[in-house]
Amino acid sequence: MTDIPRRALTRTAKLAALPLGMAGRATLGIGKRLGGAPAEAVAREVQQRTAEQLFSVLGQLKGGAMKFGQALSIFEAAFPEEVAKPYRAALTKLQEAAPPMPAATVHGVLAEELGPEWRTKFREFDDNPAAAASIGQVHRAVWSSGRNVAVKIQYPGAGPALLADLNQLGRLARLFTVLQPGLDIKPLVAELKARVAEELDYQLEAKATRAFAKAFRDDPEIAVPRVLAGTSRVLVTDWIDGTPLSEVIANGSPEQRNLAGERMAVLHFSAPARTKLLHADPHPGNFRLLPDGRLGVLDFGAVARLPNGLPEPVGRLARLALEGDAEGVLEGLRDEGFVKRDADVDAKELLEYVRPMLDPMAEDEFQFSRAWLRKEATRLGDPRSPAYQLGRQLNLPPSYLLIHRVTLGSIGVLCQLEAKAHYRAVVERWQPGFVDPAAAEPTE
């Protein structure tokens, strides 16, 4: 693999081969069971081989296929353990690596974007990529000033490939039931398509990165790289060293896991207040734990613009739910459009639906875990459960869609980290509405 396969037939054939491979493995599994192999062992083998092929193809195609795989991977902690375990390593690998572009292609993009004398802008430039993502790859270099920099270069043909992949993945939605029965990927694909135009323009990413870098300059908890140069397809920023979050998830100490989790919560809740933006791509490949304890944040191509910060009703309704005010929660959710005006919803049942989701804010300290997330996923996703039946009557207003997805993604990463920290204090400080204004007023 030396470049994005851009011909539609080639890319479609690779994706279309996935269900064929799955069918072949299923047939092989039936044969093994007829031959006396235990059904459980055969099922595990089929899952493992399917996962290996699935994420291999997604990684090779880059573009939208890899972006989809990365977006899906943050929910890995919610999958049943017997399903998640065989391909957890494949998911982590996808988050951090992909086949590189050849050096000639890299040089061509740099010449087009930075000019034919692009080499004069660098003291050193490493032709071997240090990291790869869905629509570009990152090279390590030394800027003319002597600063160590990261040079993000977009793959030629990334735009058409991205859209073609996402269209094809939408048509192959049933394929991904191998990950979790009942998993509906269509809303995820639709949202990814909606963000394509912004993520393809590195100048927009440069603007967002500058906003974050300014707001978090000299911050003791969060580190954001400064932008040195930016064009539509090349972005040059400070290089950030640190331990990739995927490595912390796999091998980190409890102290590292807890620290990374708390820092991620600080980023999620404080950025909208400080920048009017929400980092909207919370997969582990975009974070580093620095030696000084700060969380290094990378890739601001996907951001949610929140001119008024995080919505106040989110904090206020969470507070009312924790206080047990069922009628207040129902009224507030109706006002925000989560419950339709003509829907017959019982306030007490609604509170019972919402309350378990707020466990991380209920106590001073909370332990995120895969087990907790799987329990919640089962409670909300099992058609036999009362919560599932009530959930079908609820609505997700468009203005909350991206915030909701990013929050779920962040929770997924915290559960992968198995992080324990004081999340309530973070929410109290940064989430509007969570602290009762009356309680916050000083008493005479």
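How many of the 8 residues of strand β2 are buried? I would like to start there, and before answering I should say that what we have on the screen is a predicted model. In strand β2, which covers residues 136-143, 6 of the 8 residues are buried, so the strand is largely enclosed by the rest of the structure.

Let me describe what β2 pairs with. On one side of the discussion is strand β1, residues 122-132, which pairs with β2 in the antiparallel sense over 6 bridges, and within that pairing the bridge partner of A132 is Q137 in β2. Then there is strand β3, residues 148-154, which runs antiparallel to β2 and is joined to it by 7 bridges, with A141 standing opposite V149 in β3. The hairpin of β2 and β3 has 4 residues between the strands, and in that hairpin G146 takes a positive phi near 100 degrees. As a reminder when you look at any of these strands, side chains in a regular strand alternate between the two faces of the sheet.

A second hairpin is worth setting beside this one. Strand β5, residues 227-230, and strand β6, residues 234-238, pair in the antiparallel sense over 3 bridges, and the hairpin that joins β5 to β6 does so through 3 residues. In this pairing V227 stands opposite T237 in β6.

Stepping back to the whole protein chain, the secondary structure comes to 19 helices and 13 strands, and buried residues make up 51% of the 444 residues. If we take the contacts between residues at least 6 apart in sequence, 70% of them join residues at least 24 apart. The accessible surface of the chain comes to about 20500 Å², and 53% of that belongs to carbon and sulfur atoms.

Among the helices I have chosen α17, residues 401-417, for a check on geometry. At 1.5 Å a residue, its 17 residues should span 24 Å, and because the end C-alpha atoms are 25 Å apart, the model agrees with that expectation. The buried residues of α17 include I403, R405, V406 and G409, and they also include the run from G412 through V413, L414, C415 and Q416 to L417. Just after α17, E418 takes a positive phi of about 55 degrees.

Turning now to the aromatic side chains, the structure holds 11 aromatic pairs. One of these is formed by F212 and F216, which are stacked, at 6.2 Å centre to centre and with 10 degrees between the planes; F212 and F216 are both buried. Another pair, F366 with W372, is edge-to-face, with 5.4 Å centre to centre and 75 degrees between the planes, and here too both residues are buried. Ring pairs also link W118, F122, F125 and W143 into a cluster, which brings us back to the strands I began with, given that β1 covers residues 122-132 and β2 covers residues 136-143.

Finally, there are two places where a charge sits over a ring. The charged end of K152 sits over the ring of Y202, 5.1 Å from its centre, and K152 falls within β3, residues 148-154. The charged end of R379, in turn, sits over the ring of Y353, 5.9 Å from its centre.

Conventions
Residues numbered from 1 in each chain as written. Predicted model: local features only at pLDDT ≥ 70, side-chain atom pairs only at ≥ 80, totals over all residues. Heavy atoms only, no water. Helix = DSSP H or I, 4+ residues; strand = E, 2+ residues; numbered from the N terminus. Buried < 20%, exposed > 50% of the residue type's maximum accessible area, 1.4 Å probe, protein only. Contact = heavy atoms within 4.5 Å. Areas by Shrake-Rupley, 256 points an atom, 1.4 Å probe, with all protein chains shown as cover. Expected span 1.5 Å × (residues − 1). Phe/Tyr/Trp six-rings, centres within 6.5 Å; stacked < 30°, edge-to-face > 60°. Lys NZ or Arg CZ within 6 Å of the ring centre and 35° of its normal. Pairing = 2+ DSSP bridges.
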